[in-house]
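The following exercises concern chain architecture and cysteine pairing. Each task is followed by a solution in steps.

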Amino acid sequence: MFPIPWKHAWKGLGFGDMHKRKGIVPSGKATRLLCMLFVSGLLSLPEPEAKSPDTVILATTTSVQDTGLLDVLAERFNKKGEYRVKPIAVGSGQAMQLGRRGEADILLVHSPEDEDAFMKEGFGLKRTRLMHNEFVLAGPPNDPAKVKGQNNITEAFKKICLSKAVFVSRGDNSGTHKMELSLWKVAGCKPAAGLYWETGQGMGQTVRVADERSAYCLLDRATFLTLRKMLRLVIVSEGDARLKNYYSLILVNPRLSRKINVSGAQAFHDFMLSGEVKELINTHRNDAFGQQLFFTETDGGNGSH
Amino acid sequence: MRLVSNCFLPKRTAGMGLIEEGIMKGMRLILAGDGEVFSILGLTLFVCVASTTIAVCIGVPFGALIAVKKFPFKKMLITVINTGMGLPPVVVGLAVSLMLFRNGPLGALEWLYTVKGMILAQIIIATPVVMGLTVASLQGLEIKLYRQILSLGASQTQALYLMLKEARLSILAAVIAGFGSVISEVGAVMMVGGNIKGQTRVLTTDIVLQTQAGNFSMAIALGLILLTLSFSVNLALTFIQQSRAN
């Protein structure tokens, strides 16, 4: 193997005559600036803890992250010190894939059909409904498909199929995408090719595409409220019972991998269902929007399977 | 009677307002010493400087040796290095994630969603850049120079030192390019780091998050801070480079 010429790299960068200099501080304002930047970078790192807390990997959706709720909850949980949660916001599809591979300890997802399959196949230990909000159908103000006022979502979707309007979809196996697909199934139709666009991206990007191109889009109310100021889109259909958006916590089955942090996942699970967190969720950003973004389940999560 | 119609005046578009807002917000965040932004800034700096430093420690010596020595499949190796210069960061992120997954080959390290994992991914991105440019800069020197120095009685190590000194301007350009390749990338640090607040969130991943969440002025402010950071580091490096040019 080649001997590594460290000395030459050092000298090649121009530090070769350091031994001739008066002090150890490199001369030259630029070099000093560089050293200062590096040291300040090192100093601004968080202090390493004496005992590093047990890691819990939470795989969850982008809608929980975009509203800021995820960061608030994670910070509160980590303050307790015993465990450290690492929330990875990837979308329900990928979250459940990570769960299947034993790469995550606990999931927070909102894709009921996929969750059913996940539980049935034995990948989940326990599933508990945590909270809900609603999906709404948003469309351009001039409403080319004449959907406005049609609060039966099946009829609304049918109207979109019959019109020449464009519909923008997530197209990424997320909870929102799966909800949208189930609604097309019930409506018995789908927009013609060329009028159905799939962005493959998060809710924010997807609804912005719809906004730019005056198209229709299905999104959760929380995201709509967050982005309302910069959108021209308006809510054209809402309130249908089918549009309820349920978020569930799923403990990953420990039998999938020995590396799953069972106690940590349980601790986070209990934390999320505690009274103080329910209060947090129910009041999250209410002052900013004048309405509730997320509603916790009042019966202690009767969706346990 | 109106002589000048309103349509000749620039309309205040959403774009213009956002950029101004972004600039103001950026200045406020820095001057007020916003704790969260500063810690993100610090982490960005640490990860990029650490990975660039290690990339230089690997890339320059090996690049120098590859440039001057004759060995079989030399051209093939240089092609591989040059291809490595263009490695898409998101692909590197995906590959490193797969390796660092709990059930993956390097799962025991537990580096996924940590700073160490991010630095590893960035080393893989920066090293070919530094190495490739080092090879090119040494090969750009007079071909016979190496042999001439050797024939004058120098050892291999002394000869390499002199060659590197000769090419120091280009070597520093290689360092600048290596740093640039990691400070600007988002794919690898997003996938391997997970963009976790207070733990693995850097400027580029925060910009993606703020954009996704619709906080455009914040995203622009962070973008401007990132550009300023990158500019400062490059200013220092370029000054070093140009002072040696004299």
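**Exercise 1.** Determine what share of the contacts in chain B between residues at least 6 apart in sequence join residues at least 24 apart.

*Solution.* In this predicted model, the share is 73%. The secondary structure of chain B consists of eleven helices and zero strands. As for overall dimensions, the C-alpha trace spans about 85 × 60 × 35 Å along its principal axes. The radius of gyration of chain B is 23 Å, whereas a compact globule of 246 residues would have one near 18 Å. Buried residues account for 50% of the 246 residues in chain B.

**Exercise 2.** Identify which cysteines form a disulfide, and state where they lie.

*Solution.* Step 1: a search of the whole structure returns one disulfide over all chains. Step 2: the partners are A:Cys161 and A:Cys189, with an S to S distance of 2.1 Å, which lies within the 2.5 Å cut-off. Step 3: A:Cys161 belongs to helix α7 of chain A, while A:Cys189 sits in the loop between α8 and β6, 28 residues apart. Step 4: the link is right-handed, with 90 degrees about the S-S bond. Step 5: A:Cys161 is buried at 17% relative accessible area, and A:Cys189 is partly exposed at 23%.

**Exercise 3.** Explain why A:Cys217 and B:Cys48 form no disulfide.

*Solution.* Step 1: for A:Cys217, the closest cysteine sulfur is that of A:Cys161, and a bond is excluded because the distance is 15 Å. Step 2: for B:Cys48, the closest cysteine sulfur belongs to B:Cys57, and at 16 Å it is likewise too far for a bond. Step 3: A:Cys217 is buried, with a relative accessible area of 0%, and B:Cys48 is buried at 3%.

Methods:
Residues numbered from 1 in each chain as written. Chains lettered and ligands numbered in written order. Predicted model: local features only at pLDDT ≥ 70, side-chain atom pairs only at ≥ 80, totals over all residues. Heavy atoms only, no water. Helix = DSSP H or I, 4+ residues; strand = E, 2+ residues; numbered from the N terminus. Rg over C-alpha atoms; globule rule 2.2 N^0.38 Å. Buried < 20%, exposed > 50% of the residue type's maximum accessible area, 1.4 Å probe, protein only. Contact = heavy atoms within 4.5 Å.
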